[in-house]
Amino acid sequence: MKKKQRDKLFFTIFMYLVTLVIFYPMIMMLLVSLKSKAEVVSNPVGVKMSFQFSNYTEAFREMNYPLAFRNSVTLTACSVLAVSFLGCIAAYAIVRCTKMKKLFLLINILFMIGLSLPQQVAIVPMVLWLQKLHLGNTLLGVIFVYIAANASYAIFLFSGFINTVPVALEEAARMDGATPFKVFWKIVFPLLKAPMVTMIIVMTLRVWNDFMYPLVLLQGKAARTLPLTIFMFKGDLQIEWNIMFAATTMAILPLMIVYFIFQKQIISGMMTGSVKM
């Protein structure tokens with residue numbers, strides 16, 4: 001066997017092993033979700049099972065899946081769109097402003113400081129402010145929290161890319177009579193496809209899988225998100241792992257479906273801008 005063929009074989013085997021390590025937790029989650037309670041206790045990691053599809057029916061009913069799914073979709077969609085669009089506009093204003101340069105520089109410094117602060121330290125003030133604004137225990141209040149918590153990251157991400165956009169393109173548009181917003185919307189925004197796709201992916205995973213903010217800020221069954229409903233399967237004395245894993249599978253399934261449907265668009269969007277123009 002030639003050295004090139006041997007290296008290719010070793011690389012292929014290595015990639016299969018890496019794939020197995022990555023997908024092993026998901027495979028075990030699926031296997032446990034199809035076992036009975038007795039099988040989980042006697043043989044939790046074994047492949048042999050009785051295929052208890054009733055676990056999914058019970059989990060679907062107990063977690064009130066349609067309501068929890070609607071809450072998660074509402075939170076994720078509104079938060080992702082708001083953070084991505086507002087962060088993009090704010091980053092453009094900070095990078096390209098010519099008047100009140102020192103003020104915008106100070107604002108940018110404050111946003112960058114926000115990257116270094118742990119979000120947990122702001123939980124108590126956020127709860128108090130949401131109560132004062134009569135937004136406590138509402139999805140709208142949590143959306144505002146996600147926007148505030150992720151604004152620093154969005155501005156940091158978009159600022160780096162906006163700095164690479166040639167100013168000559170914007171000056172040419174202004175000479176043609178374009179307004180500042182039209183310059184941003186027609187010239188700058190189409191060039192930010194790569195960071196926009198990156199921001200949407202990061203924010204979607206961050207909001208959809210978030211557990212802390214819904215637990216603290218949303219009370220009652222009507223406001224629960226999918227990750228929060230999974231936590232409710234934990235009892236004081238015991239945990240029904242098969243039902244919990246079935247609920248976990250249904251919680252991550254929507255994101256997996258979306259990724260497999262739009263994987264070409266996601267990959268092409270992230271690759272856009274990687275080649276120097």
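Residues are called buried at under 20% relative accessible area, exposed at over 50%, and partly exposed in between (1.4 Å probe, protein chains only). By this measure cysteine 88 is buried, with a relative accessible area of 0%. Cysteine 78 is partly exposed, at 37%.

The model is predicted: local features need pLDDT of at least 70, side-chain atom pairs count only at pLDDT 80 or more, and totals for chains, interfaces and linings use all residues. Residues are numbered from 1 along each chain as its sequence is written, and side-chain values use heavy atoms, with hydrogens and water left out.

The cysteines were examined for disulfides. A disulfide is a covalent bond between the sulfur atoms of two cysteines. The criterion applied was a pair of cysteine sulfur atoms within 2.5 Å. The count by this rule is 0 disulfides. For cysteine 78, the closest cysteine sulfur belongs to cysteine 88 and lies 19 Å away, too far for a bond. For cysteine 88, the closest cysteine sulfur is that of cysteine 97, at 15 Å, and this is also too far for a bond.

Salt bridges were assigned where a side-chain nitrogen of Lys or Arg lies within 4 Å of a carboxyl oxygen of Asp or Glu. The structure holds 2 of them. Arginine 96 pairs with glutamate 170, and their closest N and O atoms are 2.7 Å apart. Arginine 96 lies in helix H4 and glutamate 170 in helix H8 (residues 167-175), so this pair ties together parts that are 74 residues apart in sequence. Helices here are DSSP runs (H or I, at least four residues), numbered from the N terminus. Both partners, arginine 96 and glutamate 170, are buried. For glutamate 170 the relative accessible area is 0%.

Glutamate 170 also forms a salt bridge with arginine 174, with the closest N and O atoms 3.6 Å apart. These two residues both lie in helix H8, 4 residues apart, about one turn of the helix. Arginine 174 is partly exposed, at 39% relative accessibility. Arg96, Glu170 and Arg174 are thus linked in a network of salt bridges.

Two serines of helix H7 were also examined. Serine 152 sits in this helix, which spans residues 139-162. Its relative accessible area is 9%, so serine 152 is buried. The side chain of serine 152 reaches the backbone oxygen of phenylalanine 111 at 2.7 Å. Contacts were defined by heavy atoms within 4.5 Å. Leaving aside residues up to four places away in sequence, serine 152 touches Phe111, Met112, Gly114 and Leu115. Serine 159 is found in helix H7 too. Serine 159 is buried, with a relative accessible area of 11%. With the same sequence neighbours left out, serine 159 touches Ala91 and Val95.

On the surface, a nonpolar patch covers about 880 Å². Its members are Met100, Leu103, Leu105, Leu106, Ile109, Leu110, Ile113, Leu117 and Val121. Patches are made of residues with over 30% relative accessible area and no salt bridge; like charges are joined within 9 Å and nonpolar side chains (Val, Leu, Ile, Met, Phe, Trp, Tyr) within 5 Å. Accessible areas come from the Shrake-Rupley method with a 1.4 Å probe, and for residues only the protein chains shown count as cover. Methionine 100, one of the patch residues, is found in the loop between helix H4 (65-96) and helix H5 (101-116). Methionine 100 counts as exposed, at 55% relative accessibility.

Technical notes. A polar contact is a pair of N or O atoms within 3.5 Å; within protein, one must be able to donate a hydrogen and the other to accept it, and residues adjacent in sequence count only if both atoms are side-chain atoms.
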